[in-house]
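This report describes a single protein chain, moving from its overall make-up to selected residues. The sequence and the coordinates are shown first.

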Amino acid sequence: METPDALLALSALSHDSRLAAFRRLVQVGPGGLSVGELREYLDLPPATLSSHLNVLRSASLVEDQREGRVIRVRANYRQMNALLAYLTENCCAGAADCGPASACTPRKPGAKP
């Protein structure tokens, strides 16, 4: 990840509602949520959520897919992991007892823990 991309992602996450939306999408896993489910969880007006999702999309932190009349939103784990790697790439100047955060690899929907 390049610095401008990291800045865009960090900026996108710097608002409490966007951070809450992204964290929720990470928590629910690769199946994501419908925009309606996310809106209900966050208790935001539709236009406000739409605006926040546009910011997250422009930073490539979320992806969406139309399923008939429903739009499903998912966290982009590759982008999240790239941001984490960027932030930790020189952790502790490479000391052996300090390594970067491990990458998040969510389970497939329906997989047992």
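The following paragraphs treat the overall fold, one helix in detail, and then individual residues.

**Overall architecture**

The model is predicted. The protein chain contains 5 helices and 3 strands, and these elements follow one another in the order α-α-β-α-α-β-β-α along the sequence. The chain has 113 residues, of which 31% count as buried. Its exposed surface comes to about 7,200 Å², with carbon and sulfur atoms supplying 52% of that area. When contacts between residues at least 6 apart in sequence are considered, 54% of them join residues at least 24 apart.

**Helix H5 and its surroundings**

Helix H5 spans residues 77-88 and thus comprises 12 residues. From its first C-alpha to its last, H5 reaches 16 Å, close to the 16 Å expected at 1.5 Å a residue. At the N-terminal end, H5 is capped by Asn76, which places a side-chain oxygen 3.2 Å from the backbone nitrogen of Arg78.

Which residues of H5 are buried? They are Tyr77, Gln79, Met80, Asn81, Leu83 and Thr88. The buried residues of this helix pack against two helices, H1 (3-12) and H2 (16-28), and also against strand S3 (70-75).

**Leu42 and Thr48**

Leu42 lies in helix H3. Its relative accessible area is 17%, under the 20% limit, and Leu42 is therefore classed as buried. Leaving aside residues up to four places away in sequence, Leu42 touches Ser17, Ala20, Ala21 and Leu49. One of these, Ala21, is 21 residues from Leu42 in sequence, and the C-alpha atoms of the two are 7.1 Å apart in space.

Thr48 is placed in helix H4. Its C-alpha atom is separated by 9.4 Å from that of Ser17, although the two residues are 31 positions apart along the chain. Thr48 has a relative accessible area of 29%, and it counts as partly exposed because this value falls between 20% and 50%.

**Residues with a positive phi**

Most residues other than glycine have a negative phi. Asp43 departs from this pattern, with a positive phi of about 55° although it is not a glycine. Ser60 is likewise a residue other than glycine with a positive phi, in this case near 60°.

Where do these residues lie in the chain? Asp43 is found in the loop between helix H3 (35-42) and helix H4 (46-58). Ser60 is located in the loop between H4 and strand S2 (62-67). The relative accessibility of Asp43 is 66%, so this residue counts as exposed. Ser60, at 33%, counts as partly exposed.

The table collects the accessibility of the residues discussed individually.

| Residue | Relative accessibility | Class |
|---|---|---|
| Leu42 | 17% | buried |
| Asp43 | 66% | exposed |
| Thr48 | 29% | partly exposed |
| Ser60 | 33% | partly exposed |

**Aromatic rings**

How many aromatic pairs does the structure hold? The number is 0. An interaction between a charge and a ring is present, however: the charged end of Arg24 sits over the ring of Tyr41, at 4.3 Å from the centre of that ring.

Note on methods
Residues numbered from 1 in each chain as written. Predicted model: local features only at pLDDT ≥ 70, side-chain atom pairs only at ≥ 80, totals over all residues. Heavy atoms only, no water. Helix = DSSP H or I, 4+ residues; strand = E, 2+ residues; numbered from the N terminus. Buried < 20%, exposed > 50% of the residue type's maximum accessible area, 1.4 Å probe, protein only. Phe/Tyr/Trp six-rings, centres within 6.5 Å; stacked < 30°, edge-to-face > 60°. Lys NZ or Arg CZ within 6 Å of the ring centre and 35° of its normal. Contact = heavy atoms within 4.5 Å. Areas by Shrake-Rupley, 256 points an atom, 1.4 Å probe, with all protein chains shown as cover. Expected span 1.5 Å × (residues − 1). Polar contact = N/O pair within 3.5 Å; in protein donor to acceptor, adjacent residues only side chain to side chain.
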